[in-house]
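Please take a moment with the sequence and the model before reading on. The paragraphs below go from a single pair of strands outward to helices, cores and the places where chains meet.

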Amino acid sequence: MNVVSARGLTKTYGRGRAARKVLDAADLDVSGGEMVAVAGRSGSGKSTLLHLIGGLDRPDAGTLEVAGSRLDRLTERGFTDLRRHQVGFIFQFFHLVPELTGEENVAMPTRLVNGHSSGLARARALIRELGLDEVSGRLPHTLSGGEQQRFAIARALVNEPAVLLADEPTGNLDADAARTVLRHLRAVASGGRAVLLATHDEAAAEIADRVVHLDGGRLRA
Amino acid sequence: MRLAAILLGVVLAGAVALAVADWRGGSAGEPPTGSTLSATYVDPDGNGRLDRGAGEALVDRSELAPSARPGRQLALFAQLSDAHVVDEESPARLPFLDRLGAPLTSTFRPQEALTGQVLAATVESLNALGPQAVVSTGDLIDNAQSNELSQALSILRGGTVDPNGGAPGYDGVQSADNPDPLYYRPDVDAPRHPGLLEEAERPFPSPGLHAPWYPVMGNHELLFQGEVRPSARTSSVATGRRALLRLDPSVEIPTDERALTPDLVDRLLSGGLPGPTAGTPPDRSRRQLPAEGVARRLRGAGDVGGRRPLLDYSFDIAPGVRGIALDAARRDGGAKGRLGPGQIEWLSRELDRAGRRWVVVFSHQPLDSFAGGRRALAVLDRSPGVVAAVAGHTHRNSIVPRRSPSGGYWLVTTGALIDYPQQSRAFRLLQTANGVALETWMVDHSEANLAGVSRELAFLDAQGGRPRGNAGTRLDRNARLFKASSIRR
Amino acid sequence: MIASARGAWSRLRGRRGRSLLAAAGIAAVAAMMGTATTVAYGLATGFDRAAERADLPDLIARFEPEQVDEVDARVEALPNVASRSYRQEATEVPLASAGQATSSGAVHVVGDGRRGYAIVAGDDLSGAGDEVVVERGLADAWGLAPGDRLSVAGVDARIVGVAVAPDNVAFPLASAPRVYVASQGLGAQLGADPGLTNMALIWSQDPSRLDTTLVQARAVSFGIDNLRFLTRAGVQVQLDEAAGIVIALLIAFSAAALGVAGVTLGATARAEVQRRLETIGVMRGLGFSRIGVAAQYGLEAVIVAVPAGALGLGVGALLAYGPSARLLESLNELPPGAALLAPLAGCLLVIVGLVALATMWPAWRAASRRPAEILRGAELTARPRRLPYPAGFFGLGARLVAARVGRTAATVSVLAVSTALVLLMLALATRLDALQNDPASLGKRYQLTVNGAPDSTLPVVRDVPGVAAAAPRYEASAADSFQLGETFKLIAFPGDHTEYESPPVTEGRRVQTAGEAEIGAGLANALGARRGSTIAAQLGSGREVRFRVVGIVAALGNEGRVAYVRPTRLLEGDPGLTPAIAVRLSPGADPAQVTSELRSRGIDTAAVGAATSSSREFLGVLADVLRVVAIVNILIALFILTQSLALTALERRPTLAVLRAGGAGRREVALVLAGGATLVVALAAPAGVVLERAVLGPAVADMAVDYVTLPLSADVGQITFAVLGLLLLALTAALWVARQVGRTPIAVALREE
């Protein structure tokens, strides 16, 4: 079953002569348990694709279905719900809140859903799973990049989303740390979630179930 | 290098200190001559504040003789008049009579606690002038009291003067706690001078007159309030321990001074003081002196000799210049002058004795203001050597010519030291081609010992010399008075 | 220079919305200052201006009719007199015009010489037969104009002019309307003897030496009956009796407005610079010097502040001009007119200067950092710390705000000052209300007065239920005999007056015997009197009574020019003095009921007001003005909070974006912002309360009036109001900014990185 299903996705930035069609009738399907890498040159629209799927931005045209919701028909509130329950995001620059400890960062999104205490337990379990027990009480700026990204993964997973979107997750990490992060992402997919990875990291492409290339606004396998 | 800098600094600092000291010495050390020829006190904007302003040059007055080039100086002398040194704390004072009008005016003055200080400051200024003689033309004191005369004479003699009467400190109508709105109270009223009264009662120094001085008898030396012959009753009031606060409304003071006889006053006082009284510290030295006593003390102090009851005498102002003092004060009461036939004859003889010398006649009351005086003027009219008849009493500056067949002479009166403008008068007699020129100019007293405050208060006084125009016109003050005469020396 | 101005202009246009917002803020603050300045300046200078225009004499003497020659001889002898003229005043003269009439007119028969009034319409008297000049108060009240007819004591007269003389308040505030006639004109027709006078007008050469003139005038006053001196300063005191406290408060208020203006403008400008740090980085990168950067920003600020400030000041001044002019007219004073432009221009300079400085300083400081550092943005420069705030979004907000220690401190202090000012305004307004309505604020503890002979009335009054106590109250106007310009009131109760009037003793003790007095601080200041001094009061009877000062009290009434004494001496000085009866009610008694009880016994009562009736309306208006200002102030606080939150949101765009990407909706974002705002408020509110109670309140109370201690500390209710208001503001600001944040697409916010 497809967790993500996009048909004819189109997105243009700018107007008039400055207009740049980033996505031009792109199609994509990702099913649960699948890890798909989106490859492409810098600026080719990888992030835009992820943002559209994650409900951070709206497509200009095309249909997009994520975890059973038609995104092109959702209200703002619907988008918020989608992000809250169905989508997890990780970024190249981790984006941990610098004032919060690793554990607090992970637990923050659980306040957005019912059952905060069970969420907290999930957060701790995830931290254990990702091998971050020892450093869970530290502030982000005292952590290594790998550790930060693993906290970010934990944060993205804590509300048990159907799809995990990772935008260049290894772009800011050394090879060892990158390998660890990719291994964890692989594990996430194996756990039944859909993982969509925007990257130009060869290692990432290798570990993915499949690689799609974004070129000229279109996706090809 | 550093040492040099320090040395330089020390030298510079020393130089500055010396310069400052020199500058301070230059302004303070130079005694003010008081001559109004160079500078005097003026209030150009009329706001009631006196400031030093430009002096007044001599005005040539040629009514009697044409102007002529002054030559050799024959004499330099000065006149002070109507100092009214007063024991303002005395129970014999009747300051409340002021508001009843004539004849008892000026029974209170805002500056009256400072009369001694003003006289001392005048002495200081006259000493700076350096005259050959100084004549006091009467009313040296105010109320015929022994202690007033003692104070005035000690100021003229020099030394430390104690102006206080009664108990130590001030005890009179100007105290801050006097509710009567008609008195100026320096502690509370404007211009405020807190502590002025206490200060006024403290002993102060007087340099004493350096020149020989000659007393002329005034009515205030002899008479109670300058009007009434002292009696046992009035004297006991002066030395008593009760002071009259105000006159009983039933008491009527006659408006004619001739009705103000000793009998009337004695009658008024027969039942004690006529009105509510307050306690006052008594002072034996306030006793009122008999006329002979006053004359005796004045003769002694002025060193004019003689023993006659009347203070008529003549003296040398300078070689070739005679002074004649006439005693026109009435012994029986009343402020007007009087000269008896005997005195007129005596005057005539003295003029003859003067021969070819120049003569200046001095009296308290101006000779043209009373019958005896006019008879004396008739005598003077015949004498070509008479330059001027000089008087006080009016508290007002004036100079008028008196024409006579023998060439005429000048009638001069001079304002009082107690009232604004508080000036004395300097005279300088100069030889001219066809007679003499009598230069005269006013002399301001120095500001020593509160005298400056007295001048300020006298100026403000709405019943004083300013509104009355006592300063006269410029012609009445600083002038060169020409006289032609057949006398050649 | 022109080029850089053009550059600044285009940059401002480039972000038109924000420039307009900044301009609006500046205009609002300027309007506040404009209002305060107009009213305060008008009132503070109104008397002097009118006195100048009217050629008001420095000294007015009133007395029983005397021969002019007799009086003039004495006046002429006074020192420091520049000129003098004489009038004859007749009172209780019937005046009538179409449909209007009064029997209490005052006719001033004027002769030659200076007139002492200003003609504000028509012409002065020429001396022709039927001419009359009317005071402006009468002209306004009766709708009279030059050319109209007025019946004066039955004689038909032609109004030739309208005059203003600030030696009294205007009709109808003054009960007797005044008209002027010439002695050789209508005066003769009315039968006035030109040889008589009962009023002398004296102009001095040097007004500062008027006291010496007065002392001499007193010394030569014997034989002139019922003499009353009124100095120009005394006139001013009389006129300002109503407005005195108010003027002082307004001046204090202006100072407060300036304070608000300063902090607001400063905060706004600072926020603007923070917002545009990036531009500074670029400018630095392009090679601009620090001074160049600061100058650019200063120039932009000036371009915004000059028109906005001028507009605001203009609007404020126009709003306040009308009411303040009417007020001045009722006091027989003149509005400032063009003279107001100078202080307004001064205000504009202050505003523009403040804005420029407040902009240039942070720009200068920001420009000191390395361009790369500036360009990288603010989030990375702060080193986060573990802070003991609650977890969750609310707590997160607090942490986000607290992370920026410097800015938070600045915001907190600005808000604290603002809070303190709001509290001050509320306290002032409350105090004014009290002055208006509550006799207790003037230290009065009785609520009613009753007229009637004490012997017969007192027992009746005391029997009425609800009456706790009643006693005769003597009041006499007096002039100090030492310093004749000073007038004051003597108030006496037999026995302990504190039962009825109890102004607090600030020095010394209460009166115990007949010869003692407690004097108000205002009188003490005027006379330079201290404990142990003697005061001498000249009563209406012409007699003098003396008292020894044993205590100084903080009395508000009559500008503190009061003395509390025992009646014995007062009655010796003026046996004709009749008392009113002061009635103190039992706690809880209804004044209306007691009043009707008394009326049923045939006794008329009067309620005891606090301020005089003439100033009551005035005080009310002012209290309202202060409340409006407090509200404006609250809006300004909202502005500051919003600015600060918007800045935080801007800096923490990535953080907020990640939260939003993780599913945080507007509610959660608002919660984060509310957390931050609450932290600021939690710090600012207590600081503001402390500031008001410990510093501003006492300072303004001191500044406002030197003769009394006005309690200006905010009470619990006001503090609660202010704190709750602030929290509400925090919430509002958070919601507002959250909305703005929600409008930015998350993707865009994330891309900023």
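**From one hairpin to the chain contacts**

In this predicted model, strand E11 of chain B is joined by five bridges to strand E12 (residues 321–325) of chain B, and the two run antiparallel. The register can be followed residue by residue: Tyr313(B) stands opposite Ala325(B) in E12(B), and Phe315(B) stands opposite Gly323(B) in E12(B). E11(B) and E12(B) form a hairpin with two residues between them, and in the turn Gly320(B) has a positive phi of about 85°.

This hairpin belongs to an open sheet of six strands in chain B, which has mixed pairing and the order E11-E12-E13-E14-E16-E15. Its edge strands are E11 (313–318) and E15 (398–402) of chain B, each of which pairs on one side only. With direction ignored, neighbouring strands of this sheet are turned by 20° against each other on average. Helix H9 (residues 341–354) of chain B lies across E11, E12 and strand E13 (358–362) of chain B, and runs at about 170° to E12(B).

Chain B as a whole comes to 12 helices and 19 strands, and buried residues make up 52% of its 489 residues. Among contacts in chain B between residues at least 6 apart in sequence, 79% join residues at least 24 apart.

How many residues of helix H11 (residues 451–460) of chain B are buried? The helix is mostly covered, with 10 of its 10 residues buried, and these include Arg455(B) and Glu456(B) as well as Val453(B), Leu457(B) and Phe459(B). The cover over the buried residues of H11(B) includes strand E1 (39–42), helix H2 (115–129), helix H4 (196–200) and helix H12 (465–468) of chain B, together with H6 of chain C.

That same helix of chain C leads to the contact between the two chains, which takes 23 residues from chain C and 20 residues from chain B. On the side of chain C that touches chain B, the elements giving two or more residues are helix H6 (210–219), strand E16 (534–539) and strand E17 (544–553) of chain C, and H6(C) provides the largest share, six residues. By type, the residues of this side divide into 10 nonpolar, six polar and seven charged.

Chain C also touches chain A, in a contact that takes 23 residues from chain C and 22 residues from chain A. Here the elements of chain C that give two or more residues are helix H12 (392–402), helix H19 (653–661) and helix H22 (746–751), with H12(C) giving the most, five residues. The residues on this side of chain C divide into 14 nonpolar, five polar and four charged.

Within chain C, helix H3 (residues 68–76) offers a contrast between two faces. Val71(C), Arg74(C) and Val75(C) are buried in H3(C), and because they cover an arc of only 100° around the axis, they lie on the same side of the helix. The face of H3(C) turned away from its buried side carries the exposed residues Asp69(C), Ala73(C) and Glu76(C). What covers the buried residues of H3(C) includes strand E1 (59–67), strand E2 (81–97) and strand E9 (196–204) of chain C.

Elsewhere in chain C, Ala471(C) lies in strand E12 (residues 467–480). Why does Ala471(C) count as buried? Ala471(C) counts as buried because it has 21 C-beta neighbours inside 10 Å, where the cut-off is 20 or more. Leaving aside neighbours within four places in sequence, Ala471(C) is in contact with Phe493(C), Pro494(C), Tyr500(C) and Ala582(C). The C-alpha atoms of Ala471(C) and Leu458(C), which are 13 residues apart along the chain, are separated by 7.1 Å.

Finally, the nonpolar cores. The largest nonpolar core has 142 residues, and those with the most contacts inside it are Ala154(A), Leu196(A), Leu197(A) and Leu673(C); helix H13 (residues 405–437) of chain C gives the most to this core, with 16 residues. Apart from its neighbours within four places in sequence, Leu196(A) is in contact with Val4(A), Val30(A), Val36(A), Val38(A), Leu50(A), Ile53(A), Val163(A) and Leu165(A). A second, separate core of 112 residues includes Leu209(B), Leu380(B), Ala426(B) and Ala448(B).

Notes: Residues numbered from 1 in each chain as written. Chains lettered and ligands numbered in written order. Predicted model: local features only at pLDDT ≥ 70, side-chain atom pairs only at ≥ 80, totals over all residues. Contact = placed C-beta atoms within 7 Å. Helix = DSSP H or I, 4+ residues; strand = E, 2+ residues; numbered from the N terminus. Nonpolar A, V, L, I, M, F, W, Y, C, P; charged D, E, K, R; others polar. Pairing = 2+ DSSP bridges. Axes fitted to C-alpha atoms, helices over the stretch in contact; angles between N-to-C directions. Buried ≥ 20, exposed ≤ 12 C-beta atoms within 10 Å, placed from the backbone. Arc of directions from axis to C-beta. Core = buried A, V, L, I, M, F, W, Y, C linked by C-beta atoms within 7 Å.
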